[in-house]
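Okay, thanks everyone, let me put the model up on the screen. I'll talk about a pair of helices and then about the sheet.

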Amino acid sequence: MPNLLEPKLISGNANRPLAEAVARRMSMHRGVDVGLCDARVERFNDGEIFVEVFENVRGEDMFIIQPTSNPANDNLMELLIIADALRRSSAARITAVIPYFGYARQDRRSKARTPITAKLVSNMIVEAGVERILTLDLHATQIQGFFDIPVDNLYASPVFALDVMHNFKGKMDEVMVVSPDVGGVARARDLAQRIGAPLSIVDKRRGKPGEVAEMTVIGDVKDRTCLIVDDIVDTAGTLCKAAEVLMENGAKEVHSYITHGVLSGPAVDRISKSVMKNLVITDTIQPTAAVAACKNIRSVSTAPIFAQAILNTWNGTSVSSLFNHKTLKPIYEGTYR
């Protein structure tokens with residue numbers, strides 16, 4: 001039976017602009033003001049995190065909006081402490097909305113005597129009192145199985161499909177989707193099928209960790225507008241190299257659609273100097289000043305899809321309906337006509 005009360009949102013400090021955008025979208029849908037819960041999330045002088053919630057949350061359906069991006073440990077602790085504060089304040093249900101799930105790349109033991117940190121993080125989140133997870137483009141889908149609570153993993157692919165069809169209107173017959181490695185083929189194929197484009201793969205071989213020794217293009221990209229699709233861009237070394245290889249193989253232009261713009265170290269400088277015309281990311285991670293100022297990096301909002309997913313979770317209706325770009329089009333009305 002749906003809860004008769006309004007859903008309540010609370011945010012940590014990881015990506016406050018996204019949380020506020022989600023609240024605005026929900027206010028539009030509900031016709032009532034859905035603001036962020038009045039709370040303070042701050043640090044003592046020694047770095048300890050302190051949380052105080054100033055509103056009554058007893059019996060409320062609470063949604064914590066907090067990506068665990070850089071600084072990952074601080075943002076993760078904020079999430080855990082907010083959840084504990086809500087649980088001890090008798091919230092009816094606590095859902096963690098984690099647009100970017102940090103530590104997801106540590107999802108298996110790659111060699112002897114290494115941890116599976118994604119599993120450890122999932123245990124901590126559940127122990128803190130979270131009863132449901134809402135996230136976007138998990139790096140490894142098996143992480144859903146690390147949790148003993150429901151996990152709704154949304155996809156950026158439908159949003160990217162709307163963006164591609166809007167920005168490449170009239171030129172869709174030239175578009176080719178490219179996976180930057182063999183492991184990301186399923187993700188790239190999904191977007192290719194949505195927009196009716198062919199698929200190519202860049203096969204990379206590493207000489208040693210962190211260093212790409214050789215790249216080979218599988219497929220004919222000559223005179224094509226190539227769209228590289230992936231879930232995370234970190235230092236952007238592999239991405240920029242892949243763009244160069246595609247251009248060397250005759251591509252007309254190269255654009256990239258990457259869900260989570262981690263963009264650490266020399267990433268922004270590399271992208272600004274690369275042969276890529278555009279890098280399109282989402283706002284799951286709050287952009288730095290350098291990212292915001294970079295002319296060939298553009299951000300797509302995830303607030304509409306998260307707002308609708310929160311409302312569907314609260315109402316007890318389908319979240320999987322948001323996997324279809326045709327369903328999302330009315331939600332993004334005004335952005336893509």
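So, at what angle do the axes of helix α4 and helix α5 cross, and within what distance do they come? Keep in mind that this is a predicted model. The axes of α4, residues 157-167, and α5, residues 185-195, cross at roughly 45° and come within 9 Å. With the oblique range lying between 35 and 65 degrees or between 115 and 145, α4 and α5 are therefore oblique to each other. As for the hand, the α4 and α5 crossing is right-handed.

Who makes the contact? On the α4 side you've got Ser157, Pro158, Phe160, Ala161, Val164 and Met165, and on the α5 side Asp190, Leu191, Arg194 and Ile195. Sort the residues of that α4 with α5 contact by type and you get 7 nonpolar, 1 polar and 2 charged.

Okay, over to the sheet. It's an open one with 5 strands, paired parallel, and the order reads β1-β4-β5-β6-β7. β1 (8-11) and β7 (151-154) sit at the edges with a single partner strand each, so one side of each has no neighbour in the sheet. From one strand to the next, the twist averages 20°.

Let's zoom in on β1. Strand β1 runs parallel to β4, residues 61-65, and 4 bridges join the two. If you want a pair to click on, take Leu9, whose bridge partner in β4 is Phe63.

And what packs on this sheet? That's helix α9, residues 303-315, which touches β1, β4, β5 (93-98), β6 (132-136) and β7. The direction of α9 makes about 160° with that of β6.

How values were computed. Residues numbered from 1 in each chain as written. Predicted model: local features only at pLDDT ≥ 70, side-chain atom pairs only at ≥ 80, totals over all residues. Heavy atoms only, no water. Pairing = 2+ DSSP bridges. Helix = DSSP H or I, 4+ residues; strand = E, 2+ residues; numbered from the N terminus. Axes fitted to C-alpha atoms, helices over the stretch in contact; angles between N-to-C directions. Contact = heavy atoms within 4.5 Å. Left-handed = near helix turned anticlockwise from the far one by under 90°. Nonpolar A, V, L, I, M, F, W, Y, C, P; charged D, E, K, R; others polar.
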